[in-house]
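Student: Could we work through this model together, one question at a time?
Tutor: Yes. Here it is.

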Amino acid sequence: MSMKVLVPYDGSEYSKDALQHAVDTYTDAEVHVLHVIDPVGRGGRKQPKAAWWNMWYEDREKHAESLLEEARETVEGHEAVTTEYRTGKPSEEILDLVQNGDVDVIVMGRQGETGLSRVLLGSAAEKVARHADIPVTLVGETS
């Protein structure tokens, strides 16, 4: 059975670096690239009832598909790459995929949140690293 590596991907330089790190490090592994559409944002409801919701969500789906195509092009030479997008809170969706799938390791980008913003907001990378029961490699700025 082949190793499966999960790479959360948002198109940031950190997520691009994480994807490159994953394919360079796990050359024979299946790489699963995940993008999470986050409608919750800053305290909103998961599925708002406003009329603009459909237009906003369709735009986010197109954006997700574009990001995942970009990711596929980035790792074009890698044998086994799958992509997926989900809707929800990024850390929760990542951890849900890990708990319900056959993921062996997570490689994800991290931004350098420090001080009060880290205390108040935390980060998806930090939450995943704390709660995942598999190895997590964080790629990017650490301070």
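**Contacts, cores and charged pairs**

Tutor: Start with V5 in this predicted model. V5 touches A22, Y26, A29, E30, V31, H32, V105 and V107, leaving aside residues up to four places away in sequence.

Student: Which residues of the largest nonpolar core touch the most other members?
Tutor: This core has 18 residues. V5 is one of those asked for. The full set is V5, V7, L19, V33 and V107.

Student: Which element gives the most residues to this core?
Tutor: The elements giving two or more residues are β1 (4-8), α1 (13-25), β2, α2 (53-74) and β4 (105-109). The top contribution is 4 residues, and it comes from α1.

Student: How many residues are in the other core, the one with V36 and I106?
Tutor: That core lies apart from the largest one. Its members include V36, I106, A125 and V128. The size is 14 residues.

Student: In what order do the elements of the chain run?
Tutor: The chain has 5 helices and 5 strands. Read them from the N terminus on. The order is β-α-β-α-β-α-β-α-α-β.

Student: Is H32 buried or exposed?
Tutor: H32 sits in strand β2, residues 30-37. Its relative accessibility is 9%. Buried means under 20%, so H32 is buried.

Student: Which side chain makes a polar contact with the side chain of H32?
Tutor: H32 touches K4, V5, L6, V7, T82, T83, E84 and L97, not counting residues up to four places away in sequence. The polar contact is made at 2.5 Å. The partner is T82.

Student: Which residue forms a salt bridge with D102?
Tutor: D102 is in the loop between α3 (90-100) and β4, and the pair links distant parts of the chain, 98 residues apart. The closest N and O atoms are 3.5 Å apart. D102 is partly exposed at 43%, while its partner is buried at 16%. That partner is K4.

Student: What separates K16 and E13 in helix α1?
Tutor: Their side chains meet in a salt bridge, 3.7 Å from N to O. K16 is partly exposed at 28%, whereas E13 is exposed at 53%. The two are 3 residues apart in α1, so the separation is about one helical turn.

Student: What is the N to O distance in the salt bridge of E69 and R72?
Tutor: Both residues lie in helix α2, 3 residues apart. E69 is partly exposed at 35%, and R72 is partly exposed at 33%. The distance is 2.9 Å.

Student: Which residues do salt bridges with shared partners join into one network?
Tutor: The count for the model comes to 8 salt bridges. Some of them share partners. The network joins E84, R86, E93 and D96.

Student: Why is the ring pair of W56 and Y57 tilted?
Tutor: The model has 1 aromatic pair. The ring centres of W56 and Y57 are 6.5 Å apart, with the planes at 40 degrees. Planes under 30 degrees apart count as stacked and over 60 as edge-to-face, so at 40 degrees this pair is tilted.

Student: Which value of relative accessible area makes Y57 buried?
Tutor: W56 is partly exposed, at 27%. Buried means under 20%. Y57 meets that limit at 18%.

Note on methods
Residues are numbered from 1 along each chain as its sequence is written. This is a predicted model: local features need pLDDT of at least 70, side-chain atom pairs count only at pLDDT 80 or more; totals for chains, interfaces and linings use all residues. Side-chain values use heavy atoms; hydrogens and water are left out. Buried means under 20% relative accessible area, exposed over 50%, partly exposed in between (1.4 Å probe, protein chains only). A polar contact is a pair of N or O atoms within 3.5 Å; within protein, one must be able to donate a hydrogen and the other to accept it, and residues adjacent in sequence count only if both atoms are side-chain atoms. Contact means heavy atoms within 4.5 Å. Rings of Phe, Tyr and Trp (its six-membered ring) pair if their centres lie within 6.5 Å; planes under 30 degrees apart count as stacked, over 60 as edge-to-face and the rest as tilted. A nonpolar core is a set of buried Ala, Val, Leu, Ile, Met, Phe, Trp, Tyr and Cys residues joined through side-chain atoms within 4.5 Å. A salt bridge is a side-chain nitrogen of Lys or Arg within 4 Å of a carboxyl oxygen of Asp or Glu.
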